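Please examine the model shown below alongside its sequence. The paragraphs that follow proceed from overall properties to individual ring contacts and then to a single glycine.

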Amino acid sequence: MTKKIKQFVFLLLITPLFSNAQFGFSHEIGAFAGGVAFQSDFGVRHDFETNAGNTGFGIGLVHYMNFAYRAECNCYTPETYFNDHFKLRSELSYNSTKLEHFGEWAEKNSIWGYQLKAMKGEAKVTDIGMQLEYFPLSIREFTATDGAFAPFIALGAHYNFFQNNTYSELGPLGTPITTYPDYLPDGYSSEGGSTWSVVSSIGTRYKLTELSDLFVELRWQYYFSDWVDGLRKNPDLHEENKANDWNLWFHFGYIYYLD
């Protein structure tokens, strides 16, 4: 873990403690796991085979500030619309996806087809960030009702540290023999880096017990970089490559309420 990641984790952990002391929030912690579909320069966009093939997994830890309840006095906060319908979520997560080219171009019986088919990669991304979750139904009523559901939508921003491992089974990349022409001379990378992303999600909680919830979530994440997967065609020459990398998460999680 890099020094930057350690600093971010420390801030995410310590900030809620000071917030609780000053403003009377309560806290929730949890974890989740699920699948990730990565949309990148590997394969053909909007192609079912690509979408089904370039999938991986994601795991994460979450912390929530619950504005409706004060843990130190075991009481509700003053009733306002914000307190009863919003929670602030902090997250540390990781996802990994093995990538390869699918679709008609990679299936062609030609040197270009062989080059695409032989090109592989893997995107490994560590996320740290926050998002604001909106619950249309009352958080207080949900908290007091076992077996209830609490749908939500969310929007937030994450900072991402990514690693990619782009290579060819034909040999070292960078030569006309091993590398598809559109990625020459510098359309590939294995260096990794960091970037911001915006996340938007929809999901629901299920009240399991008085102090625990289950949740399911579908999340869209858009990176402000086209290098997360390790490939980038020249967007001035290739109109289809103007979009940055993005992915879809679908995961299940467990949340515990701290007294």
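The protein exposes about 13000 Å², and 64% of that area is supplied by carbon and sulfur atoms. The model under discussion is a predicted one. Of its 259 residues, 48% count as buried. The secondary structure consists of 5 helices and 11 strands. Where contacts join residues at least 6 apart in sequence, 77% of them are between residues at least 24 apart.

Aromatic side chains offer a more local view. Searching the whole structure yields 16 aromatic pairs. One of them is formed by F149 and Y206, whose ring centres are 5.2 Å apart and whose planes meet at 55°, a tilted arrangement. This pair links distant parts of the chain, since F149 belongs to strand β7 (residues 149-164) and Y206 to strand β9 (residues 193-209), with the two positions 57 residues apart in sequence terms. How accessible are the two partners? F149 has a relative accessibility of 53% and therefore counts as exposed, the threshold being over 50%. Y206, by contrast, has a relative accessible area of 30%, so this residue is classed as partly exposed.

A further aromatic pair joins Y159 and F161. Here the geometry is edge-to-face, with 5.2 Å from centre to centre and 80° between the planes. Both Y159 and F161 are buried. Elsewhere, ring pairs connect F67, F82, F86 and Y134 into a cluster.

Rings also take part in arrangements with charged side chains. Which residue places its charged end over the ring of F135? That residue is K87, and the distance to the ring centre is 5.5 Å. In another such arrangement, R205 lies over the face of Y64, 4.5 Å from the centre of the ring.

The last stop is G53, a residue located in helix α2 (residues 48-53). Is G53 buried, exposed or partly exposed? Its relative accessibility is 31%, a value between the 20% and 50% limits, and G53 is therefore partly exposed. In space, the C-alpha atoms of G53 and L99 are 7.9 Å apart, although 46 residues separate the two in sequence. When neighbours within four places in sequence are set aside, G53 is in contact with K98 and F102.

Methods:
Residues numbered from 1 in each chain as written. Predicted model: local features only at pLDDT ≥ 70, side-chain atom pairs only at ≥ 80, totals over all residues. Heavy atoms only, no water. Helix = DSSP H or I, 4+ residues; strand = E, 2+ residues; numbered from the N terminus. Buried < 20%, exposed > 50% of the residue type's maximum accessible area, 1.4 Å probe, protein only. Contact = heavy atoms within 4.5 Å. Areas by Shrake-Rupley, 256 points an atom, 1.4 Å probe, with all protein chains shown as cover. Phe/Tyr/Trp six-rings, centres within 6.5 Å; stacked < 30°, edge-to-face > 60°. Lys NZ or Arg CZ within 6 Å of the ring centre and 35° of its normal.
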